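Trainee: Could you take me closely through one part of this model, the surface that faces one of the DNA strands, and then say how the protein chains beside it meet?

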Number of protein chains: 2
Amino acid sequence: MAQRTGTSHRAAPEHTHPDQVSVQTALAALADPVRITLVRELADSAEWSRSCGSFDVPVGKAALSHHFAVLRGAGLVEQRDEGPKRVNRLRRDEFDTRFPGLLALVLRDAQDG
Amino acid sequence: MAQRTGTSHRAAPEHTHPDQVSVQTALAALADPVRITLVRELADSAEWSRSCGSFDVPVGKAALSHHFAVLRGAGLVEQRDEGPKRVNRLRRDEFDTRFPGLLALVLRDAQDG
DNA sequence: GGGAGTGTATGGTTTTCATCGAACACTCCG
DNA sequence: CGGAGTGTTCGATGAAAACCATACACTCCC
């Protein structure tokens with residue numbers, strides 16, 4: 001087994017820094033209605049204030065977990081274990097430095113298609 | 001047969017103005033390696049100078065035609081019939097007005113993933 | 001008219017992706 | 001310890017998208 005230090009004995013989620021993300025991956029991550037909703041709700045909330053299950057999206061737990069994995073892989077979201085929950089943070093500045101203006105586009109535009 | 005007026009007797013391609021395009025559609029259109037290549041090559045060429053078949057992408061004619069239809073539908077490309085060929089133009093300004101900075105992101109970043 | 005060049009439409013295959021249900025880990029609390 | 005709450009993993013399913021080969025339409029030029 002792996003050694004354990006600290007209080008959480010759970011495997012920390014793997015994060016990808018926006019700098020390691022290709023444009024194509026970033027666009028693909030944001031080209032999904034559920035993930036767009038997650039990003040927007042996250043942007044309207046305080047950092048680390050939202051657990052994964054607290055979002056209003058019409059999908060089950062499994063799919064939701066998958067979507068968060070995609071967002072992590074695109075450098076859009078950072079996660080941290082807090083008790084039994086996994087709380088989230090939108091990587092605003094880091095992502096915006098890597099892809100200037102992209103996040104703003106998604107957040108400003110609320111229409112669908 | 002049908003009556004014919006003017007020089008081109010071919011159905012003009014249907015165009016969608018960027019203003020009518022949702023963010024999600026725009027992102028989805030650009031989240032494809034072949035279409036990214038088309039847009040980049042188009043950006044490096046003079047307007048109306050490139051026919052559909054003149055691009056260096058590893059797909060057949062049918063798939064290529066489909067990709068151009070997607071780009072038209074996202075308001076990224078304008079097409080015009082010129083003799084037997086269909087020549088293209090990147091809608092730089094119009095698209096950039098609707099989605100500021102998005103095109104710049106795709107054009108600047110050349111890496112893949 | 002007929003053939004070469006160019007692009008679109010159709011039909012069918014393959015791949016990719018979103019989704020669900022169920023089973024499994026981990027944390028907290030009683 | 002045992003149960004409730006939370007999230008991940010696995011296997012399978014269904015829908016969407018990319019692709020190809022073929023057939024078709026149109027333009028140009030001889």
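Mentor: What follows describes the protein surface at DNA strand D and then the contact between chain B and chain A. The model is a predicted one, and the surface around DNA strand D is made up of 25 residues, the closest being A:Lys61, A:Ser65, B:His9, B:Gly60 and B:His67. Those 25 residues divide into 8 nonpolar, 10 polar and 7 charged. On the DNA side, 79% of the strand D atoms within 4 Å of the protein belong to sugar or phosphate, and the rest belong to bases. Among the phosphate approaches, an N or O atom in the side chain of A:Ser65 lies 2.6 Å from a phosphate oxygen of strand D, while a polar backbone atom of B:Gly60 is 2.7 Å from a phosphate oxygen and a backbone N or O atom of A:Gly53 is 2.9 Å from one. The elements that give two or more residues to this surface are α3 (61–73) and β3 (85–90) in chain A, along with α2 (33–43) and α3 (61–73) in chain B.

Turning to the chains themselves, 23 residues of chain B are in contact with 22 residues of chain A, and the area buried between them is about 1800 Å², with carbon and sulfur atoms giving 63%. On the chain B side, B:Gln24, B:Leu27 and B:Leu105 lose the most area, together 31% of what that side buries. The count of salt bridges between chain B and chain A is 0, and the count of residue pairs in polar contact, both at pLDDT 80 or more, is also 0. In chain B, α1 (23–30), α2 and α5 (102–108) each give two or more residues to the side that touches chain A, α1 giving the most with 6 residues.

Terms used:
Residues are numbered from 1 along each chain as its sequence is written. Chains are lettered from A and ligands numbered from 1 in the order in which they are written. This is a predicted model: local features need pLDDT of at least 70, side-chain atom pairs count only at pLDDT 80 or more; totals for chains, interfaces and linings use all residues. Side-chain values use heavy atoms; hydrogens and water are left out. A residue is near a molecule or strand if one of its heavy atoms lies within 4 Å of it. A polar contact is a pair of N or O atoms within 3.5 Å; within protein, one must be able to donate a hydrogen and the other to accept it, and residues adjacent in sequence count only if both atoms are side-chain atoms. Helices (H or I, at least four residues) and strands (E, at least two) are DSSP runs, numbered from the N terminus. Ala, Val, Leu, Ile, Met, Phe, Trp, Tyr, Cys and Pro count as nonpolar, Asp, Glu, Lys and Arg as charged, and the others, Gly among them, as polar. Contact means heavy atoms within 4.5 Å. Buried area is the accessible area (1.4 Å probe) that two parts lose on being put together, summed over both. A salt bridge is a side-chain nitrogen of Lys or Arg within 4 Å of a carboxyl oxygen of Asp or Glu.
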